[in-house]
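Me: I'm new to this one and would like a close look at a single part of it. Could you walk me through a residue and the things around it, explaining the terms as you go?

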Amino acid sequence: MPKIAVFRNLVFFLYAYDLSERLHLHVANNKTGRSKSAKIWLDTAEIFEAGSLTAKELKQAQAVIEANRQAILAQIEHFAKGEKVELLNLNL
């Protein structure tokens, strides 16, 4: 389960088996852990599952995905090819 990116206290990650589904990221608050992560579609930045994130955190996560979509997709492509994934420190 590679960590793709971080933004403030949000961690963006995926599971290997997720590559066979519609592309999405799991997002969790670094302080509360990954057990109740949100699930956000990459193509639309639409929230599929809110998990335990607050409304403010979900909006931040959506904005981060929209602003950094190409860099995130590049890291997912590296992972799918078995290449090293570099952790992105994202900004808005």
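Reply: Asn-29 is in contact with Asn-9, Leu-10, Leu-53 and Glu-57, leaving aside neighbours within four places in sequence; contact means heavy atoms within 4.5 Å. This is a predicted model, where local features need pLDDT of at least 70, side-chain atom pairs count only at pLDDT 80 or more, and totals for chains, interfaces and linings use all residues. Residues are numbered from 1 along each chain as its sequence is written, and side-chain values use heavy atoms, with hydrogens and water left out.

Asn-29 belongs to strand S3, residues 24-29. Strands here are DSSP runs of E with at least two residues, helices are runs of H or I with at least four, and both are numbered from the N terminus. Asn-29 counts as buried because its relative accessibility is 10%; buried means under 20% relative accessible area, exposed over 50%, and partly exposed in between, with a 1.4 Å probe and protein chains only.

Two of the contacts can be described through side chains. The side chain of Asn-29 makes a polar contact of 2.5 Å with that of Glu-57, and another of 3.5 Å with that of Asn-9. A polar contact is a pair of N or O atoms within 3.5 Å; within protein, one must be able to donate a hydrogen and the other to accept it, and residues adjacent in sequence count only if both atoms are side-chain atoms.

Leu-10, another contact of Asn-29, brings us to a pair of strands. Strand S2 covers residues 10-13 and pairs with S1 in the antiparallel sense over four bridges; two strands pair if DSSP finds at least two bridges between them. In the hairpin of S1 and S2, two residues sit between the strands, and Arg-8 takes a positive phi near 50 degrees. Strand S1 itself, residues 3-7, is mostly covered, with four of its five residues buried. Within S1, Ala-5 stands opposite Phe-12 in S2 and also opposite Leu-88 in S6. S1 and S6, the latter being residues 88-89, pair in the parallel sense over two bridges.

For a second polar example, turn to His-78 in helix H1, residues 55-80. His-78 counts as partly exposed because its relative accessibility is 29%. Not counting residues up to four places away in sequence, His-78 touches Glu-83 and Lys-84. With Glu-83, the side chain of His-78 makes a polar contact of 2.6 Å.
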